[in-house]
Amino acid sequence: HQQPMIHGPLYGYFLALLNVICGNNLFAVRFLQSLLVLSAGLPVYAILKRKWNGDPLTPGLFLLLYSIYPPFIVWQCDFYSENLMLICCSWTLFTMECASKLKQYKPLLMFTAGLLCGCGILTHPMAAFFAAGIVVLYLIQWKNWRKTFLPTALFCAGTLLLLAPVSLNR
């Protein structure tokens, strides 16, 4: 009889990869993970900077608060799956923002955002609420559902492409 998994399997593979890259040096693994988590604030910073018309004050304040927020500091220095989930969710938002600006690449970017979101769910199941929220918000932001159906379907397809094999294997 196997114990139920509370978190998804991707974080274990992520830690194993960091361990290989860092030569089994635990401090180096934690340091590299901390840098990756801190870098997850950069996509949100870029989105805020674009939304605030290039004004650096609000996005800069976000980045400062993000980097000194105590729970993130604790998470960065320990092995919590939320670290990788945060990275995946942050890059999902950034990819979707790029899809809204680069119309010719919108299908590819929405599918890629779905893949990133799927990685987040495979890291921590709570990211499924993030995915559901994205789908709902994306569908209600436009009055013409024909404009949102294909991008939303591509996002869902990218997410399910990663989730289906793991779900069927469990």
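A residue is called buried when its relative accessible area is under 20%. S90, with a relative accessible area of 5%, is therefore buried. The model in which this value was computed is a predicted one.

## Overall architecture

The chain contains 9 helices and 0 strands. Read from the N terminus, its elements follow the order α-α-α-α-α-α-α-α-α. Of the 170 residues in the chain, 33% are buried. The accessible surface amounts to about 10500 Å², and carbon and sulfur atoms account for 73% of that area. Where contacts join residues at least 6 apart in sequence, 65% of them connect residues at least 24 apart.

## Residues of helix α6

Helix α6 spans residues 82–101, and several of the residues described below belong to it. S90 lies in this helix. Leaving out residues up to four places away in sequence, S90 touches A40, P43 and V44. V44 also appears in the lining of the largest pocket.

S39 offers a second reference point for S90. S39 lies in helix α2, which covers residues 26–39. The two serines are 51 residues apart in sequence, and their C-alpha atoms are 9.4 Å apart in space. S39 has a relative accessibility of 25% and counts as partly exposed, whereas S90 is buried at 5%.

T92 is likewise placed in helix α6. With a relative accessible area of 0%, T92 is buried, because this value is under the 20% limit. Which residues are in contact with T92, leaving aside its neighbours within four places in sequence? They are A113, L116, C117, F130, I134 and F155. One of these, I134, is also among the residues that line the largest pocket.

Helix α6 further holds both members of an aromatic pair, W91 and F94, which are 3 residues apart, or about one turn of the helix. The structure holds 3 aromatic pairs. The pair of W91 and F94 is edge-to-face, with 5.5 Å from centre to centre and 85° between the planes. The angle is over 60 degrees, so the arrangement qualifies as edge-to-face. Both residues are partly exposed, W91 with a relative accessible area of 34% and F94 with one of 21%.

## Salt bridges between α3 and α6

The count of salt bridges comes to 2. In one of them, the side chains of E97 and R50 meet with an N to O distance of 3.6 Å. E97 lies in helix α6 and R50 in helix α3 (residues 41–51), so this pair ties together parts that are 47 residues apart in sequence. In the other, K51 is bridged to E97, and the closest N and O atoms are 3.6 Å apart. That pair also links distant parts of the chain, with K51 in helix α3 and E97 in helix α6, 46 residues apart. R50, K51 and E97 are thus described as linked in a network of salt bridges.

The three members of the network are classified by accessibility as follows.

| Residue | Relative accessible area | Class |
|---|---|---|
| E97 | 8% | buried |
| R50 | 36% | partly exposed |
| K51 | 52% | exposed |

What places K51 in the exposed class? Its relative accessible area of 52% is over the 50% limit, so K51 counts as exposed. E97, at 8%, is under the 20% limit and therefore counts as buried. R50, at 36%, falls in between, so it is partly exposed.

## The largest pocket

The largest pocket holds about 300 Å³ of space. The elements that give two or more residues to its lining are α3, α6 and α8, the last of these covering residues 127–140. Which element supplies the largest share of the lining? Helix α6 does, with 4 residues.

The lining consists of V44, I47, K51, L93, M96, E97, S100, I134, L137, Y138 and Q141. K51 and E97, which form a salt bridge with each other, are both among these residues. Two contact partners noted earlier recur here as well: V44, which S90 touches, and I134, which is in contact with T92, both line the pocket.

Terms used: Residues numbered from 1 in each chain as written. Predicted model: local features only at pLDDT ≥ 70, side-chain atom pairs only at ≥ 80, totals over all residues. Heavy atoms only, no water. Buried < 20%, exposed > 50% of the residue type's maximum accessible area, 1.4 Å probe, protein only. Contact = heavy atoms within 4.5 Å. Areas by Shrake-Rupley, 256 points an atom, 1.4 Å probe, with all protein chains shown as cover. Salt bridge = Lys/Arg side-chain N within 4 Å of Asp/Glu carboxyl O. Phe/Tyr/Trp six-rings, centres within 6.5 Å; stacked < 30°, edge-to-face > 60°. 1 Å grid on protein atoms, 1.4 Å probe; cavity = no way out; pocket = protein on both sides within 12 Å on 5 of 7 lines; lining within 4 Å. Points joined across faces, edges and corners; volume = space filled by probe spheres on them.
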